[in-house]
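Here is a short report on voids and one helix packing. Please read it with the model open.

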Amino acid sequence: MRAVEFQEYGGPEVLKVVQTDIPEPRPGQVTIDTAYAGVNFADLKARTEGYRVPSLPFRPGLEVSGRIRAVGNGVEGLRPGQEVVALVNSGGYAEVVVAESATVFPLPEGLSLRTAAALPTVLPTAHALLHEVGRLRAGESVLVHGAAGGIGTAAGQLARAAGAGAVYGVVSSLDKAEHALKHGYDEVFTTDTFTDDVRHATGGRGVDLVLDPVGGDTLRRGLDALAVFGRLVSFGNASGAEPWRVGQPELYAQGRAVAGFSILTLAESAPEALRSLAERAFRKVTDGTVDLPVTAEFALSDAAEAHRLMGGRASTGKLLLRTAD
């Protein structure tokens with residue numbers, strides 16, 4: 001079978017198509033004939049920085065859609081030929097993928113394999129950020145960084161559906177603002193000025209909830225954008241900055257709170273909680289609450305081009321790889 005791997009860290013050009021053996025499922029696992037694989041910023045961090053890379057060569061890819069090829073011993077509720085979506089620890093950039101059965105889900109009703117490939121990381125993450133971790137209440141205001149990306153696109157729609165009083169987005173450039181404004185956002189600001197923009201938009205009050213995948217200085221400035229009793233949820237460190245620590249002086253005075261979330265670590269530490277979260281989140285697509293736009297699609301052999309587009313910070317929505325050329 002074909003797969004995409006890198007044997008050294010570097011730019012998109014280190015991604016190479018290789019021929020390798022078709023894997024067999026172990027107990028508790030399934031193998032999936034992949035139709036589509038999602039492209040995520042974590043894949044780029046793996047390629048450039050070794051993020052979550054135990055050894056080289058390494059095959060990126062965290063989410064796929066396709067049909068079950070084979071099931072291992074002890075797997076229940078899944079069968080060969082069944083159309084599914086799956087969250088995987090790595091290895092999604094391949095024609096056949098191994099997945100733990102706990103993170104494999106039947107294809108949601110009414111969705112194509114192409115659309116569903118955008119679900120496994122995006123929808124559960126956005127849902128958890130707003131509801132399970134962020135505890136959003138009707139009437140509250142939300143600020144979402146990366147508003148034009150996959151998670152940002154979903155978060156804007158989910159926040160609007162949950163009755164948020166105002167939904168603000170932050171993008172790296174105004175070229176992305178139009179995309180975000182189509183997906184639940186009232187106003188969209190740029191990274192350079194968002195703190196002042198939030199204070200202006202809210203009459204100096206600040207927002208109740210900030211969702212931050214950037215980290216570093218952006219996280220610190222996000223705290224400054226919070227209202228009294230506001231919450232900030234960190235779900236990444238795209239800046240690559242040294243983790244910024246928050247303590248009593250920043251939190252106590254106005255009762256602010258900071259929390260964190262990672263769908264990958266949740267999958268490892270609490271797979272049943274992930275399963276319940278994913279099922280709740282997927283219903284938001286099947287009932288029409290959320291529309292997930294796939295904005296670019298590449299052949300598996302063109303994975304480097306997908307990485308170039310995402311790495312150039314010009315992409316919006318969700319990027320996919322297809323295994324059929």
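Is the crossing of α6 and α7 right-handed or left-handed? The crossing of α6 and α7 is right-handed (the near helix is turned clockwise from the far one by less than a right angle). Helices are DSSP runs (H or I, at least four residues), strands likewise (E, at least two), numbered from the N terminus. This is a predicted model: local features need pLDDT of at least 70, side-chain atom pairs pLDDT 80 or more, while totals for chains, interfaces and linings use all residues. Residues are numbered from 1 along each chain, and side-chain values use heavy atoms, without hydrogens and water.

F194, T195 and R199 of α6 make the contact (heavy atoms within 4.5 Å) with T218, R221, G222 and D224 of α7.

Now the voids. A 1.4 Å probe is set on a 1 Å grid over the protein atoms alone; in a cavity it fits but cannot get out, while a pocket is an open set with protein on both sides within 12 Å along at least five of seven lines. Lining residues have an atom within 4 Å of a point. Volume is the space filled by probe spheres set on the points, joined across faces, edges and corners.

| Void | Volume | Lining includes |
|---|---|---|
| Largest pocket | about 1,100 Å³ | F41, I151, P213, F235, A238 |
| Second largest pocket | about 260 Å³ | L87, V88, N89, E100, T103 |
| Largest cavity | about 80 Å³ | A42, D43, Y51, R52, N89 |

The largest pocket has 40 lining residues. Elements giving two or more of them include α1 (41-49) and β15 (318-322). The second largest pocket has 14 lining residues; β6 (96-100) and α9 each give two or more.
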